[in-house]
Amino acid sequence: MAQQAYVTETDNGGSGPERPGTRLRRLLHRLLAGWRGDPRIWRRGAVLAALALLLALVMLLHSHIPNRVGNLGSLTETFLPWLGLAVPVLLLLGLLRRSATALIAVLLPAIVWLNLFGGLLTDRTGAGGDLMVATHNVNAENPDPVGTARQVAASGADVLALEEVPATAVSTYEKALAPTYKYHAVEGTVGLWSRYPMSEVRAVDIKLGWKRAMRATVTTPHGPIAVYVAHMPSVRVKVKAGFTARERDRSADALGEAIADEPLKRVVLLGDLNGTMNDRSLNAVTSQMRSTQGAAGSGFGFSWPASFPMARIDQIMVRGVEPESSWTLPRTGSDHLPVAARVKLDTSS
């Protein structure tokens, strides 16, 4: 005979199984017992309430945090979603402190966070799309470039962009991807592989002095599209200098100008931008394009670092194209996760 895991006293002094609802009521009773008749619940927790208010203001007014000192604004915006973790911490501290003032104040950052990111908690993916695109920073020090190439090719992407491809590994990637992609081009450390014909391939000057961006026309069954591949300069967080991103910001402005001058109506940008959609320093690009993850993804789609993704700095953005779904691909030998999306080119219907 099976033994009951939990028992509680019954009305007749015996014992019987304790229902989950009963355990919950008992827990709440113990938690709130010390609150009844306590006039200090409104006076305690002033510091917690102030911290909650400060957190809400940082999230609500993040665009006003100045970048003059260590690019503090961009640093905050890069990891902005993670500020939400402070909400349950403040909530728990408010309960332990038995402060009604703190608990009410915690509602403010919770509401602000949900307003900013609540939409990303829902699944917005669709089943349509007539073109699959993917991008991957393969890492110059990747110990298994052949395996990485085969993994991303197996994703089924029609158009694949690779960043941080060292000159010594170009032929390795070309050979590994040749069975899947008939057309390809490499400019500096970025490359584009396609199942469909490519033309008008050229490097894009992003003010670095070497090639880390390119543009090509891909002729799909639904007509031509302009595909840009870009790898923005890396950013660093330094104790004395803060968030050093001046080269990245200058390159983003140059890339934004190139995309703004693009004559084709349908444009897809694939690449490692070393910045999130929240980062104001990427406005030259993000203001004129849509993120596939933001429009048709599920969750935040964090892509870096691959071991514990904390930010989506690998982006797929579109203009004149309808995102249908967006997701991250399984980890490869790189320190970035590949990201992919399906888009609808034929938007006439």
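# Group meeting talk: a sheet, a helix pair and some backbone details

Hi everyone, let me start with one pair of residues: Ala134 has Ala340, in strand 16, as its bridge partner. Please keep in mind throughout that this is a predicted model.

So where does that pair sit? Strand 3 covers residues 131-137, and strand 16 covers residues 339-344. The two strands pair in the antiparallel sense over 5 bridges. Strand 3 also pairs with strand 4, residues 159-163, and here the sense is parallel, again with 5 bridges. On that side, Val133 has Val159 of strand 4 as its bridge partner. Between these two strands comes helix 6, residues 145-153, and strand 3, helix 6 and strand 4 together make a right-handed β-α-β unit.

Is strand 3 enclosed or open to the outside? Buried here means under 20% relative accessible area. By that cut-off 7 of the 7 residues of strand 3 are buried, so the strand is largely enclosed by the rest of the structure. If you rotate the model, you can look at the two faces. Leu131, Val133, Thr135 and Asn137 point one way, while Met132, Ala134 and His136 point the other way, and all are buried.

Now let's zoom out to the sheet. It is an open sheet of 6 strands, in the order 5-6-4-3-16-15, with mixed pairing. At its edges are strand 5 (183-187) and strand 15 (322-328), each pairing on one side only. Neighbouring strands are turned by 15° against each other on average, ignoring direction. Out at the strand 15 edge, strands 15 and 16 pair in the antiparallel sense over 6 bridges, and Ser326 stands opposite Ala341 in strand 16.

For the chain as a whole, there are 10 helices and 16 strands. It has 349 residues, and 47% of them count as buried. Among contacts with a separation of 6 or more, 66% are between residues 24 or more positions apart.

Next, a helix pair. Helix 4, residues 86-97, and helix 5, residues 100-117, pack at an angle of about 175°, with their axes 9 Å apart. Helix 4 and helix 5 are therefore roughly antiparallel to each other. On the helix 4 side the contact is made by Val87, Leu90, Leu91, Gly94 and Leu95, and on the helix 5 side by Ala102, Leu103, Val106, Pro109 and Ala110. By class, that contact has 9 nonpolar residues, 1 polar and no charged ones.

Have a look at Ile104 too, which lies in helix 5. Ile104 counts as partly exposed, because its relative accessibility is 46%. From Ile104 to Gly94 is 10 residues in sequence and 9.2 Å in space, C-alpha to C-alpha.

Finally, some backbone details. Trp304 and Pro305 are joined by a cis peptide bond, with omega at about -15°. Pro305 is in the loop between helix 10 (292-296) and strand 14 (314-319).

Then there is Glu200, with phi near 50°, a positive value in a residue other than glycine. Glu200 is in strand 7, residues 198-203, and is exposed, with a relative accessible area of 54%. Asn274 also has a positive phi, near 50°, but what about its setting? Asn274 is in the loop between strand 12 (267-272) and helix 9 (283-286), and at 10% relative accessibility Asn274 counts as buried.

Thanks for listening, and I'm happy to take questions!

Terms used: Residues numbered from 1 in each chain as written. Predicted model: local features only at pLDDT ≥ 70, side-chain atom pairs only at ≥ 80, totals over all residues. Heavy atoms only, no water. Axes fitted to C-alpha atoms, helices over the stretch in contact; angles between N-to-C directions. Helix = DSSP H or I, 4+ residues; strand = E, 2+ residues; numbered from the N terminus. Parallel < 35°, antiparallel > 145°, perpendicular 65-115°, else oblique. Contact = heavy atoms within 4.5 Å. Nonpolar A, V, L, I, M, F, W, Y, C, P; charged D, E, K, R; others polar. Buried < 20%, exposed > 50% of the residue type's maximum accessible area, 1.4 Å probe, protein only. Pairing = 2+ DSSP bridges. Right-handed = clockwise from strand over helix to strand, strands pointing away.
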